[in-house]
Structures are given as C-alpha cells and as structure tokens.
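Here's a quick Q-and-A tour for someone who likes cut-offs spelled out. Have a look at the model, then read on.

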Amino acid sequence: MSEAPAADIRVAHAAGNIVGEVPMWHPTEQVLYWVDTRKPCLQRLNRDGTVDVWPMPTNIGSYVFRRNGGIVAGLKTGFATVDLGTGKVEHVLDPEPDMPENRLNDGRCDRQGRYWVGSRNPGNSDATGSLYRLDPDFSCHKMDGGFIVSNGMAFSPDDRTLIFGDSTAETYYRYDLDLAAGTLADRRIYLQTRDQPWKVDGATFDSEGYYWGALLGGWAVGRFDPAGRLDRMVRLPVSHPTMCNFGGPDLDILYVTSGTIFLDEDERARQPHAGALLAIHGLGVRGVAEPLFGG
C-alpha cells in the first residue's frame, strides 16, 4: 500500500449531516444527490450551489434513480417510490414484515435495472440482516442472509463481481455475479478489517476495477485491488467518512459523505467539516455511470 499524492479535497456542501450517505451522480441531470439517513432526507446539490431537500417519512438507507424519473428508496419500512416533483412517497413492499425493527441499509442498482439492498439489525448485535434484489416488476427476492449491518455494496465495472459485506462483523465478501440471470455464486472473503482501526462503510468501484471504500473511523478513503489488498489511501479532514462515489461530468471527482453522530461534543469542535459532503479532485481515476432502475 502506498500513500497517495496530496489530493485536492474541497467541501462541496457544509451539510452538517447526522449520517450523510449515498452520494450519487445523476447520469442525465448531471447533479449530485445524497441522503442524511437520520434526519432523514434526500438532498440534491444543484449546479449553482443551491441544495434541494426532500424529507423522508422514516430512515432512508439507500436509493436508486428510476429510468422514468424519481427514485426508489430503501426505507426502514421497506421499499418505496419517491416522486421528486411532488415529494410524494409511496410504499411498495416490506421484505421483512416479521422483523419490524430491522431496516434497509446499503443498496445499489445493477446494469440490468435491478435494485439490490441489504438490511441491518437495529442494535448492531444480531445477524438478522439479509440481501435482497428488487426487480423492475417490483418482485423481491432474498439472495443471502446472516448479516448484522449490511454495507460496502458495489458492482464491478465488468458486471462479473459483487462486493458486499457486514461492517459490524468486519467481513466483506466477493460474489460471482451472473448479470443476465441476476444470481450470485461462490461467496468468499474479499476483505476483513478486524486488525484495523477502521471499517469499510459505503463503497464503489473505479473504471479500472479497483474498490474504493469510506474508512469509517480512519480519517480516509481507501482503494483496494481485486485481491482485497489496500492499494492507496487518501487522508480526509473528518474521522468518519461514510460513503464514497464518483461524480462530475467526467466521473473523476470522488464525493465523500460524513456524519456527526459518531462524535462527542469535543470531537465535533475539533472537526468542523464533520457531516459535510466532500469532493476529492485530482485522483487520476474515473468512476462508472450509475445504472437506472428499470421499473
């Protein structure tokens, strides 16, 4: 692992988020969205620097853009559609009606237009979380289980691999993905962080097939090679980055969310940028455009 050259790190928006998450560049609108999972709300950074906010009725763990506009979100109460014109939230389904305290957490869309979401245990204690696939017809399929806090989800740019793991168990898995069939096979350990002062929270892939993760508690984002070895670190002015993802017109800016919930009063005073949306320029790599949900 090598220390990265000094990167150009800017505050894209001083959001003061409780738990900022899921920065995503809209491929047609060409603007950056993200959420505060605990406020809870969806946010959009417009080209003129203004920010639009859509309140959510309950915790929002992730979301994906729809081909016909709006988003599909993973809420504490299950999957829902959100009309960004009216702000109307419509419930679709709850994949875990027998576990009302669980909530949907990390999620991404694959390039066949399906929304994959992991659930999490509310107390960070029991392995009650599962991995689900929501298809464009809104049918839901359980793909795996036995997770405490589902995190680190990202699809490789060649559509052959899904990385997905459990940040509380500090173990992240590599699956073989059959994109056409929407199936997974051969789960094996990709990365474990038990001997590190940080854990991977939200993550993404760059176009070269390297996995980038927000190193929660580590003051950095990290780039991991296909074997799970830490290849590069970029230091940040916040101790608890929560997710990173590429955006900008050329997909060469790494946006990073962060939160204040992890810090006590003294730590917050020492970290004025905690909760901000950060933008890292000059990394020399690009991301891959976000797919759109097909339903």
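Buried means under 20% relative accessible area, exposed means over 50%, and partly exposed is what lies in between, with a 1.4 Å probe and protein chains only. This is a predicted model, where local features need pLDDT of at least 70 and side-chain atom pairs count only at pLDDT 80 or more, while totals for chains, interfaces and linings use all residues. Residues are numbered from 1 along each chain as its sequence is written, and side-chain values use heavy atoms, with hydrogens and water left out.

Q: Is E290 buried or exposed, and what is its relative accessible area?
A: E290 sits in the segment after β25 (277-281); strands here are DSSP runs of E, at least two residues, and helices are runs of H or I, at least four residues, numbered from the N terminus. E290 falls under the 20% limit, so it counts as buried, and its relative accessible area is 9%.

Q: Which residue shares a polar contact with the side chain of E290?
A: Start with contacts, meaning heavy atoms within 4.5 Å. Setting aside neighbours within four places in sequence, E290 touches M24, W25, P27, R108 and N245. A polar contact asks for a pair of N or O atoms within 3.5 Å; within protein, one must be able to donate a hydrogen and the other to accept it, and residues adjacent in sequence count only if both atoms are side-chain atoms. At 2.8 Å, the side chain that makes a polar contact with E290 is that of N245.

Q: In what order do the strands of the open sheet with edge strands β3 and β6 come?
A: Strands of a sheet pair through backbone hydrogen bonds, either parallel or antiparallel. Two strands count as paired if DSSP finds at least two bridges between them. The edge strands, β3 (20-25) and β6 (51-55), each pair on one side only. The four strands pair antiparallel, in the order β3-β4-β5-β6.

Q: Which residue in β4 stands opposite G20?
A: β3 and strand β4 (residues 32-36) run antiparallel and are joined by four bridges. Opposite G20, in β4, stands D36.

Q: Which residue in β16 is the bridge partner of A154?
A: Another open sheet has four strands in the order β15-β16-β17-β18, with antiparallel pairing. Its edge strands are β15 and β18 (183-192), each pairing on one side only. β15 and strand β16 (residues 161-166) pair antiparallel over four bridges. The partner of A154 in β16 is I163.

Q: What angle lies between the planes of W116 and F155?
A: A pair of aromatic rings is described by the distance of the centres and the angle of the planes. Rings of Phe, Tyr and Trp (its six-membered ring) pair if their centres lie within 6.5 Å; planes under 30 degrees apart are stacked, over 60 edge-to-face, and the rest tilted. The whole structure has 14 such pairs. W116 and F155 are one of them, edge-to-face with centres 5.8 Å apart and planes at 70°.

Q: How many residues apart are W116 and F155?
A: Both W116 and F155 are buried. W116 is in strand β12 (residues 115-120) and F155 in strand β15 (residues 150-155), so to speak distant parts of the chain, linked by a pair that is 39 residues apart.Q: Why is the pair of F205 and Y211 edge-to-face?
A: F205 is buried at 7% relative accessibility, and Y211 is buried with a relative accessible area of 0%. Both belong to one aromatic cluster along with Y190, W198 and F224. The ring centres of F205 and Y211 are 5.6 Å apart, and the pair is edge-to-face because the planes are at 65°.

Q: What separates the C-alpha atoms of L230 and Y211?
A: L230 is in strand β22 (residues 230-235) and is buried, with a relative accessible area of 18%. L230 and Y211 are 19 residues apart along the chain, and their C-alpha atoms are separated by 9.3 Å.

Q: Which residue lies over the face of Y210?
A: A charge sits over a ring if NZ of Lys or CZ of Arg is within 6 Å of the ring centre and within 35 degrees of the ring normal. The charged end of R187 sits over the ring of Y173, 4.0 Å from its centre. For Y210, at 3.8 Å from the ring centre, the residue is R223.

Q: Which residue shares a polar contact of 3.1 Å with the side chain of H141?
A: H141 is in strand β14 (residues 140-147) and is partly exposed, with a relative accessible area of 29%. Leaving aside neighbours within four places in sequence, H141 is in contact with L131, Y132, R133 and D135. The polar contact of 3.1 Å joins the side chain of H141 to that of D135.
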